[in-house]
Amino acid sequence: MPQQRRKLPFSGKKKKDQLLQKRNTKGPPKYLRSTQESYEDSDAPETTAPRKLMEQPFNRGGAGGRNKNVNRYNLQFTQESKKELELMKLEGFKPLDVLTPAQREIDAAYFEHFDFPVRPPWSSDSTKEQLDRSENRYFKEYVDELLRQKQSVDSRELSLFELNLETWRQLWRVLEFSDVLLIIVDVRFATLMFPPSLYDYIIKTLKKHAIVVFNKVDLVAPEAVVAWRHYFNERYPELPVVLFASYTARSRKAGGRGRGRLTHRRSMEGVYNIYRECQRYVQQEVNLSEWEQKIRDDMRHDELELMDNIEEGELKISSSIDTTPVQQEKYHNGVLTIGCIGYPNVGKSSLINALKGRKVVSVSRTPGHTKHFQTIFLTEKVRLCDCPGLVFPSSTPKSLQVLLGSFPISQLQVPYRSLKLLAEHINLPQLFRLHLPEDYDEWSAVAVSDAWAYKRGFLTAKAARPDRYRAANHILRMCLAGQQQLVLQFYPPGFDKQRETWLQHPELAEVIKYQQVELEEPDSETNEDTSSVCSDTAGSDEEEDEDSSNDETNADDDEGVEEQPSRSRNVFTLLEDD
C-alpha cells in the first residue's frame, strides 16, 4: 500500500482563515439570521426569518440527484429571537397561576380579523411561469401585511403559521378539486383548529359542501362533545357534525383482540355517518351503493387490516405535484371527490385508513408528516384527496400551539412556557404524584420538570443532574398522545354554568354509546372541574384510557405513573340498517 503523505504543521491562524474562506464561499444560512444582534441594551424589535423544520440532506436516497427537493414541502415557521428564548427560560421559574374553570372556555376569538391566503385571480390564458410569479408575489405581500400588523401597537401577537407557499398551493388544489370537504378537528381544541374564514370561503365563495369531523372523541368527556356539537350547529348551521375515533395498531396491542375489535367497529360507525352525509349531498347524481356495501363488508371484519401492499392505481402519490389551477367540473366522470383538510396532527391519515378499511397511508404524531397531495380511490365512484396539515394565521399563543400539536416538540428550543400553561390547566404534581424538589419553595414549570426527571431517572451523564429538557419534552409528548390520563381539553363558552344541562342532555347517551363508556349517575365529585392547579381531585375524576386516537408512535411506556382502574364498557352493537 502506498504510504500516506506526512502531515505538515498547521497553525491555528491558518485554520481560522480557511474556515472563514469556506464560510464566505458557502454564504450565510438560508433560513437563519446571519447577524448577531445585541439586545441587552436595545428595545428595538428584532426581525426574524423563516426556518424550515426537520430538513434532510439534499441528493438523499437516489442516484443522479433524483430527490433534490426533499425539503420542498417541509413545515416552515418564523423562529424566535434570542431575546424571546431568554424570556421563555426565565418564565419557567415563575410560580404557577391558578386558572378558573371559565378560562378553559374558548371561542373563535383567536381567529378574529385573520383570514388565510387564497389563490390569486387567474385565467386559462396565463402560462405556468406567469401563474408562479403571480402566486409568489401575492403570498409575499400577504405575509408582509401580516408582519406589519404584528408590529403595530394595538395588534395582538401573531401566532406561528405556515410560511411554505408549496403547502398552501396544495390546499388550493384540494379545495378546487373536491366536491365535498371534510374539515377534521381535534375535539379537545375544536375552535382552535377551525378557522371561520375557511368555512366562509368553502360555503359562500366556492359554493361547496363541507362536513366537520370531531376526531379523538374517546379522549374527552361525553358532555363536552355534546356541548361542542351544539356550539358548531348554532354558529355554523350549514355544517353537519360527525363523531370519529381513529383506530391505531397500538389500541389493538393495549387491550387485546376484544379491545381492538370494539375500536375498529367504533371507527367504522364514524365512517358510515360520513357516508350518510355525503349521500344526502349528492342525492342521485352519483351512485354510492358500492361504497355503502364496502363499509358493511368492512364492519364484518374484526379488525382493521394493517397491510402495506397497495394495489396499482389505488394510491397516487407524487413528489412533483401539479398545483396549477384548473376549472374543476362537479362530479367529474360520475366520481365523487372528497377532500380532507385540517391542522397538523388532527388524524387525517388515520381517518383515510378507516375510510379505506385498511392501512394505505402512514401516520405519525409529528406535524408535517404528510407532505404531498395524494389521492386514494375507495371505489370506482368515490375518491379521497388528502392534503398536508396547515397552520392557519391567528393570534393563538405559541405555547398553546405546541400543546395542539401544530409545532413539532422535537424542534422546540425552550419547552417551559408550554409546560407552564399545561401545569396551570392540569394538576401535574398530583396526577404524577410528584414531590417538590428541595431546591424550590413552590411549584413552577422547571420544578415540575426536575421532579419528573428524578422520578423517571432522566439524569445527565456527567454531573447526574436532572435532565429537565428531556423531562419537559416527555410530559408534552404524553399530553399530545393523551396518555396516562394527561388530557388537556377546552370547552365552549358558557359550559361551566350549563354543565348540569349537558349532563342531562338527550344526546349524551348516544355519545357515551359511541365512546363505549358506561353511563354513570352524576354526582358532585365527578362533575367538579379538576383542571385547577389547586384542585384536590385532579387526575381522579375523568378516567381516560391509555389508548388514544392519535397518529404517532407512543411516547415511551410510563411505568412511573400509577394506573387507575378503567371504567367498565358496554357491549357494542352494530349499526342498524336504515
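In the predicted model described here, aspartate 186 of strand β3 has asparagine 215 as its bridge partner in β4. This pairing belongs to a longer register, in which β3 and strand β4, the latter formed by residues 209–215, pair in the parallel sense over seven bridges. Within the same register, valine 185 is matched in β4 by phenylalanine 214, which is its bridge partner. On the path from β3 to β4 lies helix α5, made of residues 196–205, and the three elements together make a right-handed β-α-β unit.

Strand β3 is also joined to strand β7, which comprises residues 336–342, and here five bridges link the two strands, which run parallel. One of the residues concerned is isoleucine 184, whose bridge partner in β7 is glycine 342. Strand β3 thus has a pairing with β4 and a pairing with β7.

The surroundings of β3 are reflected in the burial of its residues. Seven of the seven residues of this strand, which spans residues 180–186, are buried, so β3 is largely enclosed by the rest of the structure. In a regular strand the side chains alternate between the two faces of the sheet. In β3, Val180, Leu182, Ile184 and Asp186 point one way, whereas Leu181, Ile183 and Val185 point the other way, and all of these residues are buried.

Strand β4 is likewise mostly covered, with six of its seven residues buried. Besides its pairing with β3, β4 is joined by three bridges to strand β5, formed by residues 241–243, and these two strands run parallel. Here valine 213 has valine 242 as its bridge partner in β5. The connection between them includes helix α6, residues 222–235, and β4, α6 and β5 make a right-handed β-α-β unit.

Helix α5, which takes part in the unit with β3 and β4, is mostly covered as well, since seven of its ten residues are buried. The buried residues are Pro196, Ser197, Leu198, Tyr199, Tyr201, Ile202 and Ile203, and what covers them includes helix α4, residues 165–177, together with β3, β4 and β7. Just after α5, lysine 207 takes a positive phi of about 60 degrees.

Aromatic residues form a further set of features, with 21 aromatic pairs in the structure. One of these pairs is formed by tyrosine 491 and phenylalanine 495, which are stacked at 4.4 Å centre to centre, with 5 degrees between the planes. Tyrosine 491 has a relative accessible area of 3% and is therefore counted as buried, and phenylalanine 495, at a relative accessible area of 1%, is buried too. Elsewhere, Phe194, Tyr199, Phe214, Trp228, Tyr231, Phe232 and Tyr236 form one aromatic cluster. Among the members of this cluster, Tyr199 is also listed with the buried residues of α5, and phenylalanine 214 is the bridge partner of valine 185. A ring also takes part in another kind of arrangement, in which arginine 280 lies over the face of tyrosine 281, at 5.0 Å from the ring centre.

Two individual residues illustrate buried positions in other parts of the chain. Isoleucine 475 is placed in helix α14, residues 468–481, and has a relative accessible area of 0%, so that it is buried. When residues up to four places away in sequence are not counted, isoleucine 475 touches Leu419, Leu422, Leu428, Phe432, Val448, Trp452 and Leu486. Of these, valine 448 lies 27 residues from isoleucine 475 along the chain, and the C-alpha atoms of the two are separated by 9.6 Å.

Histidine 505, by contrast, is found in a loop, between α15, residues 499–503, and α16, residues 508–515. Its relative accessible area is 18%, and because residues under 20% count as buried, histidine 505 is buried. Leaving aside neighbours within four places in sequence, histidine 505 is in contact with Val226 and His230.

For the protein chain as a whole, there are 16 helices and nine strands, and of its 578 residues, 52% count as buried. Among the contacts with a separation of 6 or more, 77% are accounted for by residues 24 or more positions apart. The protein chain exposes about 28,800 Å², of which carbon and sulfur atoms supply 48%.

Methods: Residues are numbered from 1 along each chain as its sequence is written. This is a predicted model: local features need pLDDT of at least 70, side-chain atom pairs count only at pLDDT 80 or more; totals for chains, interfaces and linings use all residues. Side-chain values use heavy atoms; hydrogens and water are left out. Buried means under 20% relative accessible area, exposed over 50%, partly exposed in between (1.4 Å probe, protein chains only). Helices (H or I, at least four residues) and strands (E, at least two) are DSSP runs, numbered from the N terminus. Two strands pair if DSSP finds at least two bridges between them. A crossover is right-handed if, with the strands pointing away from the viewer, the path from the first strand over the helix to the second runs clockwise. Contact means heavy atoms within 4.5 Å. Rings of Phe, Tyr and Trp (its six-membered ring) pair if their centres lie within 6.5 Å; planes under 30 degrees apart count as stacked, over 60 as edge-to-face and the rest as tilted. A charge sits over a ring if NZ of Lys or CZ of Arg is within 6 Å of the ring centre and within 35 degrees of the ring normal. Accessible areas come from the Shrake-Rupley method with a 1.4 Å probe; for residues, only the protein chains shown count as cover.
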